[in-house]
Amino acid sequence: MRALRLSDKLELVRDAPLPRHPQETLVQVICAGICNTDLEITKGYAGFEGTLGHEFVGRVVESPRAELIGRRVAGEINVGCGACPLCKSGDSRHCPSRSVLGIKGRDGAFADYLSLPDANLFEVPDSIDDTAAVFLEPLAAALHILDAIEIDHSTQVAIVGDGKLAQLVIRSLTTTGCDITAIGKHESKLSLARVAGARAVPLSDAERERGAFDVVIDASGSASGISLAIELVKPTGTIILKSTHHGSTTLSLTPVVVNELRIAGSRCGRLGPAIEAMSRGSIDVTSLISAVASLDDGPQAFARAGEPGAMKVILRMS
Ligand SMILES: [Zn+2]
Ligand SMILES: [Zn+2]
């Protein structure tokens with residue numbers, strides 16, 4: 001089968017073996033989305049080598065759960081050991097020996113086939129088309145913010161960033177009725193934020209927004225996002241860190257102490273709520289697609305996804 005694999009460079013391999021894990025389900029991939037995490041992995045984040053890709057929709061070919069065969073599915077990406085206390089409590093996302101599709105110890109979705117346990121797979125209803133279904137995994141991650149913090153119509157929220165993840169966060173938060181401000185660099189992306197219901201502020205004007213928000217979510221994908229978040233949040237407010245990026249940052253933590261801030265990280269979420277929100281029609285993602293390319297053009301599609309101004313680039317397998 002074909003697979004877009006990273007070793008010292010990213011390359012399309014035409015004779016990759018089928019991914020076979022005993023007791024797991026084999027999925028023929030239909031579409032998969034290129035995420036900033038994938039771009040960061042190609043720069044060395046997570047130290048991963050293998051087939052990239054973790055945002056996908058596909059059709060089940062083989063499964064120990066016979067009723068799944070032939071179904072169109074999306075998947076949660078963390079696979080725990082099944083034996084440790086975290087896995088036993090139902091939290092394989094934090095299992096210390098987990099593998100993660102296309103990110104850690106497990107080949108991913110930029111290929112003709114992938115393998116996951118059946119428990120990771122969720123049927124996608126017909127109301128969600130293939131390209132929209134690719135957004136279910138990152139949408140689940142965006143909605144997961146609402147598991148970490150209470151946000152209601154009276155909450156003033158700022159999102160630092162205007163890229164793909166930031167746009168999904170904005171769309172997720174509109175369901176709460178809260179007041180949303182998006183702060184970003186790109187006018188075209190800020191206008192997408194505006195369409196979704198956010199007030200949009202160019203980064204150059206962020207200074208004026210100092211101390212104005214109960215909650216600030218950093219989805220900027222850059223090391224400077226957290227420093228800005230610390231400036232924007234009200235005393236005793238909360239900062240949620242959503243971006244993964246390769247590299248480290250230095251910042252002054254004194255304001256965190258003086259202003260008694262809370263800082264929390266947030267990563268992957270559950271697919272169920274994402275499927276429900278998207279099938280209700282309350283979250284539109286079609287405006288976030290920049291391009292759909294063939295897997296054969298994978299390396300070029302990666303270059304496109306990394307261009308400034310690019311939103312989601314989707315790889316189609318057939
Ligand atoms: Zn992703
Ligand atoms: Zn475990």
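Tutor: Before we start, a residue is called buried here under 20% relative accessible area, exposed over 50%, and partly exposed in between, with a 1.4 Å probe and protein chains only. The model is predicted, so local features need pLDDT of at least 70 and side-chain atom pairs count only at pLDDT 80 or more, while totals for chains, interfaces and linings use all residues, and side-chain values use heavy atoms, with hydrogens and water left out. Residues are numbered from 1 along each chain as its sequence is written, and chains are lettered from A and ligands numbered from 1 in the order in which they are written.

Student: OK, so which residues are the protein donors of the zinc ion (ligand 2)?

Tutor: The SG atoms of Cys81, Cys84, Cys87 and Cys95 serve as its protein donors, at 2.3 to 2.4 Å from the zinc ion (ligand 2). Donors are N, O and S atoms within 2.8 Å of the metal (3.2 Å for Na, K and Ca), and because water is not among the atoms, sites may look incomplete.

Student: And what spacing do those donors follow along the chain?

Tutor: The donors of the zinc ion (ligand 2) are spaced as C-x2-C-x2-C-x7-C. Within this set, Cys81 sits in the loop between β7 (78-79) and α2 (85-88) and Cys95 in the loop between α2 and β8 (99-100), so that the pair links distant parts of the chain, 14 residues apart. Helices (H or I, at least four residues) and strands (E, at least two) are DSSP runs, numbered from the N terminus.

Student: Cys81, buried or partly exposed?

Tutor: Cys81 is partly exposed, because its relative accessibility is 38%, whereas Cys95 counts as buried at 0%.

Student: What's the geometry at the zinc ion (ligand 2)?

Tutor: The site is tetrahedral, with angles of 104 to 116° among the 4 donor atoms. Four donors count as tetrahedral if all angles lie between 85 and 135 degrees; four count as square planar and six as octahedral if opposite donors are over 155 degrees apart and all others between 65 and 115, and anything else is irregular.

Student: Switching to the zinc ion (ligand 1), what are its protein donors?

Tutor: The zinc ion (ligand 1) has Cys35 (SG), His54 (NE2) and Glu55 (OE) as protein donors, lying 2.1 to 2.4 Å from it, and their spacing along the chain is C-x18-H-E. Here too distant parts of the chain are linked, since Cys35 is in the loop between β3 (25-34) and α1 (36-42) and Glu55, 20 residues apart from it, is in strand β5 (residues 55-62). Cys35 counts as buried because its relative accessibility is 11%, and Glu55 is buried with a relative accessible area of 1%.

Student: Back to the loop between β7 and α2, what does Gly80 touch?

Tutor: Leaving out residues up to four places away in sequence, Gly80 touches Cys87, Ser92, Cys95 and Arg98, where contact means heavy atoms within 4.5 Å. Gly80 lies in that loop and is partly exposed, with a relative accessible area of 25%.

Student: New topic, then: what is the strand order in the open sheet of 6 strands?

Tutor: The order is β13-β12-β11-β14-β15-β16, with parallel pairing, and two strands pair if DSSP finds at least two bridges between them. The edge strands, each pairing on one side only, are β13 (199-202) and β16 (262-265).

Student: How many bridges join β14 to β15?

Tutor: These parallel strands are joined by 5 bridges, and Val216 stands opposite Ile239 in β15. On the other pairing, β11 and β14 run parallel over 4 bridges, with Val160 opposite Asp218 in β14. As for cover, 5 of the 6 residues of β14 are buried. Further along, strand β15 (residues 233-241) is joined to β16 by 4 bridges, again parallel, and Ile239 stands opposite Ile263 in β16.

Student: What does helix α8 touch on the sheet?

Tutor: Helix α8 (residues 225-232) packs on the sheet through contacts with β11 (156-160), β12 (179-184), β14 (213-218) and β15, and its direction makes about 150° with that of β15. Axes are lines fitted to C-alpha atoms, for helices over the stretch in contact, and angles run from 0 to 180 degrees between N-to-C directions.

Student: Last one, which residues of helix α11 are buried?

Tutor: In helix α11 (residues 298-305) the buried residues are Gly298, Ala301, Phe302 and Ala305. Seen down the axis of α11, they fall within an arc of 105°, so they line one face of the helix, the arc being that of the directions from the helix axis to the C-beta atoms.
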